[in-house]
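Q: Got a minute to go over this one with me? Show me the structure and we'll start with domains.

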Amino acid sequence: MKGTPVLTMLLLVPLAASVVVLLLPASQAKIIKWFTVAATALALGVSVAIATAFPVGSAGMQLLESVPWVPAVGMAYKVGVDGLSLPLVLLTTLLCFLSALYTLRLEKQVKVFCFLLLLLQIGMIGVFLALDAVLFYVFWELVLVPMFFMIGIWGGENRRYASVKFFIYTLIGSVVMLLGLLLLYFWGPRTFDMQAIIAWGQAGKFTLEQQYWIFGALFLGFAVKVPIFPFHTWLPDAHVEAPTVGSVLLAGVLLKMGGYGLLRVSLGALPQAFIDFSPYLAALGVIGIVYGAAVALTQKDLKKMVAYSSVSHMGFVVLGIAAANAAGVDGAAMQMFTHGIITGMLFFLVGMIYERYHTKEIAKLRGVITAVPALGVIFTFACFASLGLPGLAGFVGEFTSLMGGLQTFPVTTAFAVIGIVLTAAYFLRTMQSVVFAPPEEDSARYDGPKTMAWTELAAVLPLAVIALTIGVFPAPFFNLVDPVAQALAKIVGR
Amino acid sequence: MNELLAFSPEIVITLAGVGVILFDAIWPGRGRVERWITLGAMAAAAACAIFIALTPGLYGLYFQGAMRVDVTTTFARLVFMAAGALIVLSSWATQGEGDTAEYYGLLLLSLLGESVIVTAQTLLVLFIGIELLALPCYALMAIRKHKPGAVRAALKYFLLGMFASIVMLYGVAILFGSLQTISYANGLFPAAGVLDAARTSVAMVGFLFLFVGLGFKVTAFPFHFWSPDVYASGSTPVVAYVATVPKVAVMLALWRILGPGFGAAYPLGQMFIAVVAVTSMVYGNVVALLQDDVRRMLAYAGVANAGYMLMAFVAGGAASHHALGFFLVVYTFANLGAFLVVMAMGVDRSISMRDFSGLGARNGVLAAAMALCLFSLAGTPPLAGFFGKFALFKATVDGGFAWLALIALVTTVVSVGYYLKIATQMYGGIVTPQEDDAEPGRELAAPFRVAPALTGAILACAAAAALLGLFGVGLLTG
């Protein structure tokens, strides 16, 4: 496999597939759907092949590919993968494949949807692979467009408001981020090569003032995406209106782009600004954990509750990143991955419940376990995984992040415990009423078949298996991430 | 003989311009033939320009050093002919009958004026070029007489334009008094230290007056004041033309006059241009944010873009020259594309942000083209506008004006705001036409059709605005 441009192939698979989808006639919905499944399966296969060949234990970039693009200004097509980005790439290809499977159930505007799904996949993979600042930005923006349309076309009642809010928030965030990237260029080594920029930053060649400015600009872009409190307000609206697949990919992958950017660029290239800002970042993370959980507890809408639980869970990511020691970064990386798996699963399940009951109101949903036993069981499993039950994946990420946080910011981190209690509270309450409580008079009715369709099972079961596997045996994941985490921690001396 | 060859594009355009008008006098009412003559002349002129570029020995000074044919000339001729052809295509449906001779004839003559502006090497030839450009435009502005406000817009444009020309002519006189030449074949302003202090200060006064006249054409703040009113009520294809092509011509001429070393040699003039650039960027972008009429918004965006272009003159140097050239090309197509979309929305009425509501569903092609043009103007990678702005910013930073580039960067972020306003109107809550569940308040969702020629012109603009960055790297590096 040496010398094969596998990373480019990974980008070309969805690109070629999206062109084919465009050329297929819209009336052939079935062919288009199955073709999309095949294409995303191929991408998943390529990413798994990359993972199996990956030299676990190395901290450096692997499989580097670089082609000059505009040499006059130091712009290149440059991609690479390391222990930090590989899990996120795997997460992307997996969730895209499962989304494609779930899309087999879609009836409306299939062609456009499949096209957007593949376009989204290119952007998401590209963000994690790009090692050129302009390329990174291009992929970052590319993600925005299909997600905007997914919400805007297949969304719920309030889709106009939600999609526009999503677009404006993230676009303004990313434009300011572009400002930061340009400052990295002008004050830095006069190239967009991210490795060169990071090397420049680690050599201490940015003055403190420059670091603060750039950090601020980049932070806005990343913070909106994560989202870090108080930039999170677009998220619940977007999630509530988004179609199921949109929600899965939004929570599963898009939010991770922010965390990834913080680790890769902010921490990597601006160590001193990062150190100075990290106490506040940790505080924002903890506020996110507690606030997200508290707001989730008061939600009446099941999907909105899961959305706010995302704010809470991403708070652990922010806390781990702010701690910036090996455990913190390990935990943040783990939490990003497991949140993608578990929340992806939860959004699939909420979509399935909605399809059956035509409501997302918690007060009206009762007794899912008797109506559709399998759905009730898997939903219970997902809730337990999400609230951080030891033995399941959610616990590993949260626990490791907290460990990291305690080492650097013991007092701040202590407050995060409130969030854990609240999280247990809202998930238990939800399970108790939605899954187990007997139906009441005004509850929504569902009298359809008691089984789940195979497409539904195929979408969630792999995620459940992974959540369990990582929960009991997280070592391989940590072996992959830890060298990078150690290296990042060393930059800031923690 | 060489003169005839070297200026064959201008000769072709002149013959066609006069010919169209004569043709109409002899065989009236054959608008279609006139249209083809116009397009053919443009194609022939472009072919001649390429031929001149490829034939060795034709580049050089002509007519006792009054005009110059060189790479810049070729570049400008090609841009002008392409833009002119796009304007003709865009008005294919709206200018088919009646007034055609005037329309096409005047358009050709103003294109000739632009060519003269770029080839001129003395201030008086430049002045002739500017008048040759402006006079047809004044008339063209009112060519759709029944359009409310068209005549008023033309009159305003005419009076203010004449005023600016007179100020400029006065500046030329003062410059002649001070420099004792009006030729800028070797740069108008001598190197630093050649002029004594008194002559320098007189020369600076002359420069200011000259700049007023040129600033009027490129709508730099504070000489832009005519543009929002005129753009809002003039005939749209003409506005699209006036808002774009003359700016390219005048910017290129200004570069010929000032040269790469003006800023370094004359700090006062440099500071003046810098102040105009900054105020244009800040004022243009902020006021554009407040507009509801799309043509007014584009007018203020044009003020801001003039500011970005002027940065090249502050920094000077060869890198600025290349950056300016690339920026101008991208600006031409992106701006033309945006105006043509506005034209497609309605020729004879004012277009507000609301008019773009749901365009993404009503005419996906038009909306996508508009989005590409706008985001290219905003400077979003990987669209061409990003590379244009980036090259300008880089040249400015390298020229030692990091503060200027920083202001430009920040105002660019502001500019995203108003481009975003249109984009969200077009795509917010998009409903696809096939969708059968009709919602209340969705009566606008009916498909919106546009003449094929206009669509073609818009698509060409959008493609250029999007892709020149990826394939036009040669232009960027010179």
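Q: Which domains does the assignment give for chain B?
A: Domain 1 of chain B covers 1-120, and domain 2 of chain B covers 121-477. The bounds come from an automatic or database domain assignment. This is a predicted model: local features need pLDDT of at least 70, side-chain atom pairs count only at pLDDT 80 or more, and totals for chains, interfaces and linings use all residues. Residues are numbered from 1 along each chain as its sequence is written, while chains are lettered from A and ligands numbered from 1 in the order in which they are written.

Q: How many Å apart are the C-alpha centres of the two domains of chain B?
A: They lie 22 Å apart.

Q: And how many residues does each domain of chain B give to the contact?
A: Domain 1 of chain B gives 33 and domain 2 of chain B gives 41. Contact means C-beta atoms, placed from the backbone, within 7 Å.

Q: Which element has the largest share on the domain 1 side?
A: H5(B), with 12 residues. Helices (H or I, at least four residues) and strands (E, at least two) are DSSP runs, numbered from the N terminus.

Q: Switching to the chain contact: how many residues of chain B are in contact with chain A?
A: 19 residues of chain B, against 23 residues of chain A.

Q: Which helices of chain B each supply at least two residues there?
A: H18 (384-398), H19 (402-427) and H21 (473-477) of chain B. H19(B) has the largest share, 6 residues.

Notes: Two residues are in contact if their C-beta atoms, placed from the backbone, lie within 7 Å.
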